[in-house]
Amino acid sequence: MKRKLTITVDAELIPVAKRYARSRGLSLSSLIEQSLREKAGAHGASFSARWRGRLRAVPRDDPRFEALARKYL
């Protein structure tokens, strides 16, 4: 269900934003809605997908690994 929302935007931005939306075949409302969905992560990757491949295993000879292994394993 769509609802009306009032926002305040710099006066010089409005015509620029309208032209930008029009050039992409969208209404300004659709452009704003699409942007908010992207920023809010509504269609974004899951938490695990965003972190996949970013964490590296610590070598077992690292003293920090050994200390944590003794404590938690």
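## A nonpolar patch on the surface

A patch here is built from residues with over 30% relative accessible area and no salt bridge, with nonpolar side chains joined when they lie within 5 Å. In this predicted model, eight names fit that description as one nonpolar surface patch: Leu 5, Ile 7, Val 9, Leu 13, Ile 14, Val 16, Ile 32 and Leu 36. Together they offer about 680 Å² of accessible area.

Two helices, α1 (13–23) and α2 (28–40), each put in at least two of the patch residues. The largest share, 3 residues, comes from α1. Take Leu 13, which sits in helix α1. Its relative accessibility is 42%, so Leu 13 counts as partly exposed.

## The chain as a whole

Now for the overall picture. The chain has 4 helices and 0 strands, so if you read along from the N terminus you get α-α-α-α. It's a stretched-out thing by the numbers: the radius of gyration is 23 Å, while a compact globule of 73 residues would come in near 11 Å. Along the principal axes, the C-alpha atoms fill a box of roughly 60 × 25 × 25 Å.

Just 5% of the 73 residues are buried. About 7,400 Å² of the chain is exposed, and carbon and sulfur atoms supply 57% of that. As for charge, there are 17 positive and 7 negative ones, and the mean positions of the two sets are 8 Å apart.

## Salt bridges

How many salt bridges does the structure hold? There are 3. One of them pairs Lys 2 with Glu 33, with the closest N and O atoms 2.7 Å apart. That pair ties together distant parts of the chain: Lys 2 is in the segment before α1 and Glu 33 is in helix α2, 31 residues away. Lys 2 counts as exposed because its relative accessibility is 66%, whereas Glu 33, at 28%, is partly exposed.

Glu 33 also bridges to Arg 37, where the closest N and O atoms are 2.9 Å apart. These two are 4 residues apart in helix α2, so about one helical turn separates them. Arg 37 is partly exposed, with a relative accessible area of 39%.

The remaining bridge joins the side chains of Arg 64 and Asp 62 at 2.8 Å, N to O. Is Asp 62 buried or exposed? Asp 62 is buried, since its relative accessible area is 14%, while its partner Arg 64 is exposed at 59%. Back with the other two bridges, shared partners join Lys 2, Glu 33 and Arg 37 into one network.

Conventions
Residues are numbered from 1 along each chain as its sequence is written. This is a predicted model: local features need pLDDT of at least 70, side-chain atom pairs count only at pLDDT 80 or more; totals for chains, interfaces and linings use all residues. Side-chain values use heavy atoms; hydrogens and water are left out. Patches are made of residues with over 30% relative accessible area and no salt bridge: like charges are joined within 9 Å, nonpolar side chains (Val, Leu, Ile, Met, Phe, Trp, Tyr) within 5 Å. Accessible areas come from the Shrake-Rupley method with a 1.4 Å probe; for residues, only the protein chains shown count as cover. A salt bridge is a side-chain nitrogen of Lys or Arg within 4 Å of a carboxyl oxygen of Asp or Glu. Buried means under 20% relative accessible area, exposed over 50%, partly exposed in between (1.4 Å probe, protein chains only). The radius of gyration is taken over C-alpha atoms; the globule rule is 2.2 Å times the number of residues to the power 0.38. Lys and Arg count as positive and Asp and Glu as negative; His and the chain ends are not counted. The place of a charge is taken as NZ of Lys, CZ of Arg, CG of Asp or CD of Glu.
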